[in-house]
Amino acid sequence: MLDFLAENNLCGQAILRIVSCGNAIIAELLRLSEFIPAVFRYRDRADQQKYGDIIFDFSYFKGPELWESKLEAKPELQDLDEEFRENNIEIVTRFYLAFQSVHKYIVDLNRYLDDLNEGVYIQQTLETVLLNEDGKQLLCEALYLYGVMLLVIDQKIEGDVRERMLVSYYRYSAARSSADSNMDDICKLLRSTGYSSQPGAKRPPNYPESYFQRVPINEAFISMVIGRLRSDDIYNQVSAYPLPEHRSTALATQAAMLYVILYFEPSILHTHQAKMREIVDKYFPDNWVISIYMGITVNLADAWEPYKAAKTALNNTLDLSNVREQSSRYATVSERVHAQVQQFLKEGYLREEMVLDNIPKLLNCLRDCNVAIRWLMLHTADSACDPNNKRLRQIKDQILTDSRYNPKILFQLLLDTAQFEFILKEMFKQMLSEKQAKWEHYKKEGSERMTELADVFSGVKPLTRVEKNENLQAWFREISKQILSLNHDDSTAAGRKTVQLIQALEEVQEFHQLESNLQVCQFLADTRKFLHQMIRTINIKEEVLITMQIVGDLSFAWQLIDRFTSIMQESIRVNPSMVTKLRATFLKLASALDLPLLRINQANSPDLLSVSQYYSGELVSYVRKVLQIIPESMFTSLLKIIKLQTHDIIEVPTRLDKDKLRDYAQLGPRYEVAKLTHAISIFTEGILMMKTTLVGIIKVDPKQLLEDGIRKELVKRVAFALHKGLIFNPRAKSSELMPKLKELGATMDGFHRSFEYIQDYVNIYGLKIWQEEVSRIINYNVEQECNNFLRTKIQDWQSMYQSTHIPIPKFTPVDESVTFIGRLCREILRITDPKMTCHIDQLNTWYDMKTHQEVTSSRLFSEIQTTLGTFGLNGLDRLLCFMIVKELQNFLSMFQKIILRDRTVQDTLKTLMNAVSPLKSIVANSNKIYFSAIAKTQKIWTSYLEAIMKVGQMQILRQQIANELNYSCRFDSKHLAAALENLNKALLADIEAHYQDPSLPYPKEDNTLLYEIAAYLEAAGMHNPLNKIYITTKRLPYFPVVNFLFLIAQLPKLQYNKNLDTAPVRVRAPATECGACWRPSYCRTEGRT
């Protein structure tokens, strides 16, 4: 019969593709569950109030027209709705496609079953497929995976969240108008079940069976699948676990499938006591906490509580005497096997001969270890015990007491088992690769020994006191031929024949009195030894590796392993070389990837890469999380070094008197620094001992791991320092800006110095890492702050500055600003408020108008440069640009509102235009005309002035930032400054030449040169903010006339000051008005210098 999984077997390939797709869908659901936009969860009251009118659950479908009409009635809601759509449509679409694929999966499975029943696949029916070994596995998996999908969706993406996402997708996409859209079916399948994954939440009635029955599935198919799972060992796992007490572990995968599939036929759980008793006796006689898929655990005592037959059947297993017996048994087993494993792991114990002679003993030890670890990890897990359920709590307490549970001892057993398993696997792999060569070598050596002995008994070779014996000579030649004829491929016959040859060699020595000749005895002993080695070699079979792979499965601990993270980290902190043992544990955990990837690989699915990357990435993230203790410990030591170097150790002068040498020696503090530095280098050595390892499909390089860990810890600490260091009290009498900047500068300098100090001890490029990470932190915070001014926000997963492995932490905002850069910018704007201060351009300083005290000067930006670097100043400049754009947009709205829509103002402006036209000479009676127009438009000048003052203030600040950037660039990077200046001049000259003669070259639209050079010039301060175009507008009516009137309305309030050689100075002006908006215009109260 044709192989069921053969490429030309359409029936097998169809179900294989369905199962492969199922595994890929679950991976996608798990991946997406980490990216649910917070706004859909409604956990934040502010989000609920803001978006409550535009995010709907399924109640929307009862009257969509009503909800949409409410939205259309309010322009601000429409605007918010459009903004929300732009920001979330991409992620919502991704979720919808995942939900759609779940529905498509069950539709495809139903279609496949219909095709089987209708005879589409020749000679194949449901019954024949279930008789085939691969066929029954795939059909059982297909139904099981559908159940797992539904459970994963409900656990990871709550019902209300799903409904809001589906309604949002329906409203924002073209799905409603698509003729072939199955939106209704998807909504029916995934509507809220009422289930909540929150601890203590009550389980909805008839859950999950009512959820599983939303899409009908062939009942005969479900019944036959359950029948197969009840009766067969569909994966032939029992052969890997020959001992009867290991049977429940051997059938654990099948038990998980049966648990899920039983919900498709809940009548068995409710009323079929005989069937449930059979299921429990076969699968759950000694266990009741199971892993259903990649570490998702279920406690049957809780899950089967509502089902009478299931609950009754499980009572024997959950009887306290049985619980006590199982707990005591596993406590004894774990102690016994742990001692065995520790013995095996002693240096030099696991030699090749010992391993080959004791394969069954070693495999039995491995089985006992893994079974004990599995039982103890699952049955002591917190996730499997509801703290509100008294019975479950009682059972768990019983287990903890009788098993003498100690998480550190269990972790040590896991660690040693993983190491033992890893060493055995590596040895077997090597022996398998050398098997053929060694067999040939031993065969050749044995044959040559026999040939030499034959020559000895021929009497030709001179060997003392060996008489010629033709019979022995012929016999040894025959034995030599027999040895050469042994065939490696036929292991059974070769093994039997080798044993006979060994017996013959023992008999010849005994019957022919050859013991008297030591040389002959030695030849015979050597040959027997080679034959023994051949028997050992032929016993090296791949089946042993396969058994080890099956026995060593750790997929049940995919999530439970996190319980041991703190123990792992403490072990590493005490002994950094522990990392080498952990490597084996991580590799053992990586074997869990085989479960979801097997079918995807068999189907040659393009999903293989993305699913592999997801699970491998999750595991690598966990490895990083565990090993992060090393950079954390290094930074703890670093802080002590910084403190000692900054406060305790005095710098030795270039010239020193001999009698003061003892004072400067400071042996105690210097010894402490040396000790801490040594500790840091030991941590580094520890992580580097972990060789480059392939975790899934991701290669983990320990050096890169260490560098990433150091970066992550640096980012965490620097981001926290920036967040805490730049929080200001707006009610403080004197500004806290400069003191806070100095304090933060000292902290940053400490980090910088410490990094410089340790870079050689940990073999990293300290300055490179420092600059890259600090610039990333500042740019990310600027980006998040600028999001406030953008309609389409840049989400974390879209940001070029945010990273999964080295995440920049987000902090709760303390005021209207989102980040520290926003607080810094708003504090500068607050203290330089043009209503309270004035700017003197010649002194580049802001003064308080009441006290005449200096508020701030260019020293402020020098301090920011020292503290935050060029990135900080550049980020501040960028944020000011966004603020200016916002103010200019507000100004345009205000202009439209108070001028273009006000009939009185428009009539006044028309009259003025008629009076001064045509412009041929000085306007007659100008005072009367102008002041009449000013008087009639008096009401508009306050808001007009305020808008211009805000922009003027920010422009001045931008100029000061540009000055500081330019100065530091010319001072610190004179070659860069010169190169930029020359390139800029050359480009401008070429562009001017092009406009004079269009035949000359000009950068094309797809050429990024101008954009790139502009970014460099702004970073180097080589630009004039006053020449920058912030927004473009249509031509505004009356704009020149309004500006002219505004100018002559404000000029009387200003007068020239000889001492400052500038204009203007304020005279008799209200406190709300100021000349800081004029450029160069500065305000001082009348008569003051």
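Leaving out residues up to four places away in sequence, R711 touches K768, I769, E772, E773 and I806, and this arginine is a convenient place to enter the structure, which is a predicted model. R711 sits in helix α33, which covers residues 702-725. With a relative accessibility of 6%, R711 counts as buried, because buried means under 20% relative accessible area. One of the residues it touches, E773, is also its partner in a polar contact, in which the side chains of R711 and E773 are joined at 2.5 Å.

From this buried arginine one can turn to the nonpolar interior. In soluble globular proteins, nonpolar side chains tend to be buried together. Here the largest nonpolar core has 271 residues, and those with the most contacts inside this core are W304 and Y615. Helix α4, which spans residues 75-117, supplies the largest share of the core, namely 16 residues. To see how Y615 is surrounded, one may set aside its neighbours within four places in sequence; Y615 is then in contact with I26, A27, L30, Y293, M294, W558, L593 and P596. Apart from this core lies another one, of 26 residues, and among them are V923, A947, M949 and V1041.

The interior also holds empty space, and the count comes to 6 cavities of 30 Å³ or more. The largest cavity has a volume of about 140 Å³. It is lined by 15 residues, of which S248, A252, N287, R374 and L378 are the closest to its centre. Four elements, α11 (247-250), α12 (252-261), β1 (289-293) and α19 (359-379), each supply at least two residues of this lining, and the largest share, 5 residues, comes from α19. Sorted by class, the lining of the largest cavity has 9 nonpolar, 5 polar and 1 charged residues.

Two further residues show the other end of the accessibility scale. N927 has its place in helix α39, residues 926-936, and with 54% relative accessibility N927 counts as exposed, because exposed means over 50%. N927 and Q842 are 85 residues apart along the chain, and their C-alpha atoms are separated by 34 Å. P216, found in the loop between α9 (209-212) and α10 (219-231), is likewise exposed, with a relative accessible area of 65%. The C-alpha atoms of P216 and I106 are separated by 9.3 Å, while the two residues are 110 residues apart along the chain.

The backbone itself has some details that reward a careful look. Y207 and P208 are joined by a cis peptide bond, with omega at about 5°, and P208 is found in the loop between α8 (183-190) and α9. R404, although not a glycine, has a positive phi of about 50°, and this residue lies in the loop between α20 (390-402) and α21 (407-456). A positive phi is also found at N844, where the angle is about 55° although this residue is not a glycine; N844 lies in the loop between the strands β5 (837-840) and β6 (845-848).

Notes. Residues are numbered from 1 along each chain as its sequence is written. This is a predicted model: local features need pLDDT of at least 70, side-chain atom pairs count only at pLDDT 80 or more; totals for chains, interfaces and linings use all residues. Side-chain values use heavy atoms; hydrogens and water are left out. On a 1 Å grid over the protein atoms alone, a cavity is a set of points where a 1.4 Å probe fits but cannot get out, and a pocket is an open set with protein on both sides within 12 Å along at least five of seven lines; lining residues have an atom within 4 Å of a point. Grid points are joined across faces, edges and corners, and a volume is the space filled by probe spheres set on the points. Ala, Val, Leu, Ile, Met, Phe, Trp, Tyr, Cys and Pro count as nonpolar, Asp, Glu, Lys and Arg as charged, and the others, Gly among them, as polar. A nonpolar core is a set of buried Ala, Val, Leu, Ile, Met, Phe, Trp, Tyr and Cys residues joined through side-chain atoms within 4.5 Å. Buried means under 20% relative accessible area, exposed over 50%, partly exposed in between (1.4 Å probe, protein chains only). Contact means heavy atoms within 4.5 Å. A polar contact is a pair of N or O atoms within 3.5 Å; within protein, one must be able to donate a hydrogen and the other to accept it, and residues adjacent in sequence count only if both atoms are side-chain atoms.
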